[in-house]
Amino acid sequence: MCVMHSLIHECLHGVPSEVETIARDEGLVPRQAARAVARGRIAVLANPVRPHRIAAVGEGCRVKVNVNIGTSGQRCDPVLEMEKGRAALAEGADALMDLSTGGDLQAIRKEILTLDAPVGTVPIYEAVRRAGNVTDVDADLLFRVIREHCKQGVDFLTLHCGVNLQALDALKSDPRIMGVVSRGGSFHVAMMLSSGEENPLYAEFDYLLEILADTGVVISLGDGMRPGCMQDAERHAKATEYLTLGRLAKRSLDAGVQRMIEGPGHIPITQVGYNVKMIKELTDDAPLYLLGPLVTDIGAGYDHVVGAIGGAIACMNGADFLCMVSPSEHLALPDVQDIIEGTRVACLSAHIGDLARDPKGHYMQREVQMAEARRRLDWDEQFKLALFGERAKAVHVRDGETETCSMCGDLCALKIVDKLLPAPDVTPKKEE
């Protein structure tokens, strides 16, 4: 396939303005950032159709956080979804995904695209709504919807290209308790079972790449066979999809299409690092985008915490992009407070991942400053340095303004020892 005039192609010959921007934001050398884009190690979420704050995902970049919003058939309130989107961005989210399945999907998406952030979608959702039934979706309709999303300004698309007949055979021969938990993945499985034919996104992958290369949209190769519970984590369907995504990642790069890889769902905490490293190896270190991972199945109501635990470990091992898990995961459509809480916890997880990946880098400077502020009992500085300072301040003042925290009071450990032991010099040493 001929490499079209894409951002990857531009990076082979220079440093495009988008790469200059992300290099400045991430503290990277522009030429090195351009080489990483050309090699498929960094994906830049920046559809040229609409101006907005762009984001880079991948090698050398800060771990990014995505937040899912969108209507459902049961709860359709576009105004509420916009409120959720604005709340997520205010709390530190880097990108949004519109997962709407109820109401006027084109109008809802148009409104969400006015927000100053990269936006992703899952086109199969709209294709199913237009067809009226998942088994009535055909290739022409699906590709038409994909093209419309690209032209409307969507920056990245989750496309379940790895849910093919081979993965379906693996699912049949090695059954799972939860079957298929990916909504998009289940749609493609239903289409294949009904027609007996291959997933059109896999069968016509070259045509799909032509659309994406022409529009500058990033493909997020979806994890349609991700496990939905601990017991399914070692079943064959997931590994079969991994291998397929590795091949599709190479074909995407060869076609000049930026790509990310999604995975891996519910897995035991002991398998998080292994799965991340395996996906990275199979895809030549393509940017990795994760929901969670969820490392226990019995945290209902606190799955945002469960996902943050798995996410921090995943980032430590090389994951690049975390999808926020809300407290209402597996229970209900999230409300605004769920979005706020889930976004904050995901941002904490991403920051912990950044610290693990670069323990002596600039992320540690803020940690050192917080330690010094705590030793001095400088509350204003602590609130300034905290990721969510207003929340920290609200907790601190519950028992009134005090010099120490109200738990220790006059028995403050810091005050007792401060006069007896000098503080160490934590000023970074200059290299000779």
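This tour moves through the structure stop by stop, stating what to select and what is found there.

The model is predicted, so local features need pLDDT of at least 70 and side-chain atom pairs count only at pLDDT 80 or more, while totals for chains, interfaces and linings use all residues. Residues are numbered from 1 along each chain as its sequence is written, and side-chain values use heavy atoms, with hydrogens and water left out.

**Stop 1: helix H7**

Select residues 139-152, which form helix H7. Helices (H or I, at least four residues) and strands (E, at least two) are DSSP runs, numbered from the N terminus. The expected span of a helix is 1.5 Å times one less than its number of residues. For the 14 residues of H7 this gives 20 Å, and the end C-alpha atoms are 20 Å apart, in agreement.

Next, colour the buried residues of H7: Ala139, Leu141, Leu142, Phe143, Val145, Ile146, His149 and Cys150. Buried means under 20% relative accessible area, exposed means over 50%, and partly exposed lies in between (1.4 Å probe, protein chains only). Gly153 follows H7 and has a positive phi, near 120 degrees.

**Stop 2: the nonpolar cores**

A nonpolar core is a set of buried Ala, Val, Leu, Ile, Met, Phe, Trp, Tyr and Cys residues joined through side-chain atoms within 4.5 Å. Select Ile124, Ile146 and Leu208, which touch the most other members of the largest core, a set of 86 residues. H7 gives the most to this core, with seven residues.

Now centre on Leu208 and show its contacts (heavy atoms within 4.5 Å). Leaving aside residues up to four places away in sequence, Leu208 touches Phe143, Ile146, Leu159, Cys161, Leu201 and Ile219. A second, separate core has 18 residues, among them Ile8, Ala36, Val44 and Cys61.

**Stop 3: salt bridges**

Side chains of opposite charge can pair when their charged atoms come close. In a salt bridge, a side-chain nitrogen of Lys or Arg lies within 4 Å of a carboxyl oxygen of Asp or Glu. The count by this rule is 18.

Select Arg41 and Asp284, whose closest N and O atoms are 3.1 Å apart in a salt bridge. Arg41 is in the loop between helix H3 (30-38) and strand S1 (42-45), whereas Asp284 is in the loop between helix H13 (272-282) and strand S9 (288-291); the two are 243 residues apart. Arg41 is buried, at 9% relative accessible area, while Asp284 is partly exposed, at 40%. Add Glu59 and Asp285 to the selection: salt bridges that share partners join Arg41, Glu59, Asp284 and Asp285 into one network.

Move on to Lys280 and Asp320, which form a salt bridge with an N to O distance of 2.6 Å. Lys280 lies in H13 and Asp320 in the loop between helix H14 (303-316) and strand S10 (321-323), so the pair ties together parts that are 40 residues apart in sequence. Both Lys280 and Asp320 are buried.

Keep Asp320 selected and add Arg357, with which Asp320 forms a salt bridge at 3.2 Å, N to O. Arg357 belongs to helix H15 (residues 336-357) and is 37 residues from Asp320. Asp320 has a relative accessibility of 3%, whereas Arg357 is partly exposed at 30%.

**Stop 4: aromatic rings**

Rings of Phe, Tyr and Trp (its six-membered ring) pair if their centres lie within 6.5 Å; planes under 30 degrees apart count as stacked, over 60 as edge-to-face and the rest as tilted. Six aromatic pairs are counted by this rule. Select Phe156 and Tyr289, an edge-to-face pair with centres 6.3 Å apart and 80 degrees between the planes. Phe156 is in strand S6 (residues 156-159) and Tyr289 in strand S9, 133 residues apart. Phe156 is buried at 0% relative accessible area, and Tyr289 is buried at 4%. With Phe321 added, ring pairs link Phe156, Tyr289 and Phe321 into a cluster.

**Stop 5: Thr402**

Finally, select Thr402, in the loop between helix H18 (389-396) and helix H19 (413-418). Thr402 is partly exposed, with 30% relative accessibility. Not counting residues up to four places away in sequence, Thr402 touches Trp379 and His396. The C-alpha atoms of Thr402 and Gly132 are separated by 62 Å, and these residues are 270 residues apart along the chain.
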